[in-house]
Amino acid sequence: MAKRQWTISLILMVVSIFFVALNMRPAVTGIGPLFNVLMTSLHVSSTSISLLTSIPVFCMGLFASLAVPLQRKIGTKSAIALLLVILILANGLRFLQESYLLLVMTSFAAGLAIAIMGPILNAYIKNKFPQRFTTVVGIYSFGIGVGATLSAALSVTFYQSFGNSWTVALGIWALLAVVALVIWLWAIPAQSNEQLQRITTIEHARNPWTSGRAWAILLYFGLQTSLFFSMMAWLTPLLQDKGMSLETASVMLTFMSIVQMLGNIAVPLLMEKWQSRTVWLLALGFVGLIGFTLLWLMSGAYLWLAVLLIGIVLSGLFPIGLLLPLDEAKNDLEANSWSSMVLSGGFMLSAIIPMIIGVCYDRTGNHTWTYIIFLGLMVGIIATTGLLRKNR
């Protein structure tokens, strides 16, 4: 009986992690499908709209280091609940008015919540699922992918369904966070708050900031996250620049997100059988070079192939980025500290790229530099693979 209850408990934990993960992207990725709509409505430049992606991503890096002290202070259950409340407010406030300043403020708040949430969940997964953390990380990253897919698929639909109101299209994601909060509070046992406080008093953790291996992982995570957020922000305007309508471009963004979503769960499962991170990264890197080259130079049906390949690449790069610091962690506290460092530096690095793309487009009036930047990121990821291998 005890075994059955424990099994049910684990399943409920995984379900709650999945629903929390659903909320870790829509506040950011919901901007991309409405990029040109927001630019026209608010009378601002491409650079200004790019900031709505860069600000929360930068915050994800800036505040990730707060995960350890917050988790130690109030425990996992209370910390995640508090962060979900912040996400509810950040999304919900967007209902109020069409204001660029309000979007900036809510983007900041969303980035703060997501920043702290990531390392806490990573450490929680490492602690609760030490033998199967690859699978659970896959489910976690799958949830993030589903959230990104939903925002890509439904933002334009909500916009059109509610009288071309982008405030509703962006604010409605608060409801998803409410659902996650209810499930989390119901499914996670209260002792999650007590166990971490006991563990942190007896465990010793290596300092990741003095580890060359940790810095290599950080660099990789920053490059792959730059790729993801830049694609979510810029794919729709890129395709519109090639002559596609908003609806068609939105469908292609949704298609890429669905491919990525499915890969987020498939790749970690496959990695349990074929475990070499280096082989996976090299393969994904070269597929990415092909995909972005097609996106740049081709048109028509070839664009669907390009988006398919890019979706596959993004689907594999992110869960590997989550797994790398967990591979190195020797205990729960170390999983938190290493993840905090990698996510902190990686997200701060990746916040720069969407804004650079916006500046380049405003200055040149075309997307040549956008494609060059994407290809450069793929080359950087391939090069980083060599660093990771040397540091093993």
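**Helix α3, Gln 224 and a nonpolar surface patch**

In this predicted model, the cover over the buried residues of helix α3 includes α4 (46-62), α6 (100-128), α7 (133-161), α8 (166-171), α11 and α12 (246-271). The buried residues themselves, within a helix that spans residues 35-42, are Phe 35, Val 37, Leu 38 and Leu 42. They lie on the same side of α3, because the arc that they cover around the axis is only 165°. The helix is followed by His 43, for which phi is positive, with a value near 55°.

Helix α11, which is among the elements that cover the buried residues of α3, comprises residues 212-241 and contains Gln 224. The relative accessible area of Gln 224 is 2%, and this residue is therefore classed as buried, the cut-off for that class being under 20%. The side chain of Gln 224 is joined to that of Thr 225 by a polar contact of 2.9 Å. When residues up to four places away in sequence are left out of account, Gln 224 touches Leu 317, Phe 318 and Ile 381.

At the surface, Leu 219, Leu 349, Ile 352, Ile 356 and Leu 387 make a nonpolar patch of about 350 Å². One of these residues, Leu 349, is placed in helix α15, which runs over residues 332-350. Leu 349 has a relative accessibility of 33% and so counts as partly exposed, since that class lies between the limit of 20% for buried residues and that of 50% for exposed ones.

Note on methods: Residues numbered from 1 in each chain as written. Predicted model: local features only at pLDDT ≥ 70, side-chain atom pairs only at ≥ 80, totals over all residues. Heavy atoms only, no water. Helix = DSSP H or I, 4+ residues; strand = E, 2+ residues; numbered from the N terminus. Buried < 20%, exposed > 50% of the residue type's maximum accessible area, 1.4 Å probe, protein only. Polar contact = N/O pair within 3.5 Å; in protein donor to acceptor, adjacent residues only side chain to side chain. Contact = heavy atoms within 4.5 Å. Patch = residues over 30% accessible without salt bridge, like charges linked within 9 Å, V, L, I, M, F, W, Y side chains within 5 Å. Areas by Shrake-Rupley, 256 points an atom, 1.4 Å probe, with all protein chains shown as cover. Salt bridge = Lys/Arg side-chain N within 4 Å of Asp/Glu carboxyl O. Arc of directions from axis to C-beta.
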